[in-house]
Amino acid sequence: MSDMHDKKIDDTLRAMTEWEGDAPSVWKRAAADVKSGPATTRRSLRDLLTSRVPRPFLSAAALLLIVVLVVAALQTQSASRVSISETNLKQFGTASPNVDNAWSAPRDMRDPTQKRQIQDEWIVFGYEGEGEPHLTGGGYGGSGGTAVPTGAREWDGRQWTEAPNNLQELTTTSLARAVVRKATMQLQTPDVRAVYLKATQIISQARGEFISDSALQGTDESLQAHLTLRVAAERLDTVLNELRELGEVVSEESGGDDVTDQLVDLQARLRNEQRVEVELLELLQTRESAPLEDILELRRQIGLVREQIERYEARVANINKLVSLATVLVIIRPAPEPQEEEEEDKAGVGAYFMENLSAAWSTGLTWLSDSIAILVRAFVGGLVWWFLVVLVVLFLRHLWRAAPPPRAQTTD
Amino acid sequence: MRMERDAADLASLRAVASGDTDALGQLAARHERPMLGLARGLLGGSRSDAEDAVQTTWASVIRSSGRFEGRSSVKTWLYHILVNECRDLAKRRRVVANAESAPDHIAATSEQVNDDDDPGRIRRAVLALPQAQREILLLCFHNGLTHEQAASVLGIPAGTLKTRLRAGYATLRQFLTTEAPA
């Protein structure tokens, strides 16, 4: 019985795999299809993957796409810059005022022009006199100092020392720059009047500091104040630190105008005029027997020179005064009122529970939206990569399918 | 003899790679008919589906002929492609699910199809087998392939093929004995 069943099974299986009738020569249709072009069906993709001509094209296209993506990624990285927040700049300004920033770039003593300039600066800033001494090596000016010849003593902040005779030993770091310093600070505080009063106490009259301008305007919530402080240049940092402690710093700016060249030029002109005056006076003494007209003309010239000298001296003094005293503009505004605290609901546990539930609901929604956003970002952002992955998978699938099977071990 | 056939197939395939359409005809003359038969069996008896599968196979052969590396015989390679095409086609047309409503059923040489007789029931049982067993049964009983060649076509070891063949055959036998018509 089982043999009969087996025979039926065998016969049926063989019959299932037999082709009745003539073969329809589908190979001709296949050849015609290949010649006419790939079919626009799903198989066309396989044909595209398997055909000799499209595969290199596909590989080249994939490679080109990868190159484009890599280049685009590199361009994006190089194009991104950390931008300095304008708010930070406005709030904190540029580098805080510092005397050392006034120093110029190193100059070459071998250059005759620069050497002469250095010599002139040394002459201008090395002096001894009354009042606040100059600090060579600092960016400070004095108040009405006069020039002295090279080789004078210099004040290093503690004592007078002999100035070096060999100017070539000098480096530019030991020379002064004349810088007119300015700073602006905007403060925010709940009590404008109190901060205003404290700000006025910061100045030191003993150092010649003063308030050049001040105003307190408005009432209550609209009360505002501004002060213009003239403080010693060397105390500018200290004053700004003290001002920062008075309130919340909304903005801060600082800067300086380098007037060194202007001052050096004035000093040179002054020195020249002084020499001329000396020569004219000597000439007047030696020409006492000269005609009256000559003597009068000489006196007139001496007067003109003296006038010019005094004009130069005044300008030098003015610049020194500006350099010695920095200008600080302080603007004080009221701080915005804090939001009123909500009245606490003292209804008890129920209200507490509802409040927490509401917060949890909000947080949950936030997390949900974040999660969805991540998924969308991954999908959209990686769309190109998904496409490449699909291509690779199809390509490998085709390779697996089209690859000839291992050589069969025949037994017949 | 077999080696001569393999050599002839290889020569024809090389010629196809160089664009010789007649060489393709020679190849088809030797293999198209059995390929159609196998495809019909794999696709539930549909002649039209079998023709489509074989046509697609030939198209793949034409395009891939230059990449044949000779690691197997040309015949095995052809059937490997054919089996894959039949799988794809079956997926698209759900041949197994609609086997009983296929437009072209297998016609016996001298008798009409009768699902109630043993051959019909056996056909139904074969189509109801898992795909792997069904393919193995049909390939192994296909007149054109030996068991070793069938194993190569399917890409499985010969031992695995024989194991699955026995299992499928046993299932059919059991089906036939337990569901014998009254």
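In which sense do E3(A) and E6(A) pair, and over how many bridges? In this predicted model, the two strands pair in the antiparallel sense, and 10 bridges hold the register between them. One position in that ladder is Thr184(A), whose bridge partner in E6(A) is Glu253(A).

A step back to the whole chain helps to place this pair. Chain A has 412 residues, of which 32% count as buried. Its secondary structure comes to 12 helices and seven strands. Among contacts between residues at least 6 apart in sequence, 74% join residues at least 24 apart. The chain exposes about 26,400 Å², and carbon and sulfur atoms supply 56% of that area.

Five strands of chain A form an open sheet with mixed pairing, in the order E4-E5-E7-E3-E6. Strand E4 (210-217) and strand E6 (248-258) each have a single partner strand, so they stand at the edges and one side of each is left without a neighbour in the sheet. Neighbouring strands of this sheet are turned by 10° against each other on average, direction ignored. As a general reminder, strands of a sheet pair through backbone hydrogen bonds, either parallel or antiparallel.

Both kinds of pairing meet at E3(A). Towards E6(A) the pairing is antiparallel, whereas strand E3 (residues 179-189) and strand E7 (residues 325-334) run parallel and are joined by eight bridges. Along this parallel pair, Lys182(A) stands opposite Thr327(A) in E7(A), and Leu187(A) stands opposite Ile332(A). E3(A) is also mostly covered, with eight of its 11 residues buried.

Which helices, then, lie against these strands? Helix H8 (residues 236-244) of chain A packs on the sheet and touches E3, strand E5 (224-232), E6 and E7. The direction of H8 makes about 5° with that of E3(A). Helix H10 (residues 292-324) of chain A lies across E3, E5 and E7, and runs at about 45° to E7(A). E3, E5 and E7 of chain A thus appear in the description of each helix, while E6 is among the strands touched by H8.

Taken together, E3(A) sits between E7 and E6 in the strand order, with a parallel partner in E7(A) and an antiparallel one in E6(A).

Technical notes: Residues numbered from 1 in each chain as written. Chains lettered and ligands numbered in written order. Predicted model: local features only at pLDDT ≥ 70, side-chain atom pairs only at ≥ 80, totals over all residues. Heavy atoms only, no water. Helix = DSSP H or I, 4+ residues; strand = E, 2+ residues; numbered from the N terminus. Buried < 20%, exposed > 50% of the residue type's maximum accessible area, 1.4 Å probe, protein only. Contact = heavy atoms within 4.5 Å. Areas by Shrake-Rupley, 256 points an atom, 1.4 Å probe, with all protein chains shown as cover. Pairing = 2+ DSSP bridges. Axes fitted to C-alpha atoms, helices over the stretch in contact; angles between N-to-C directions.
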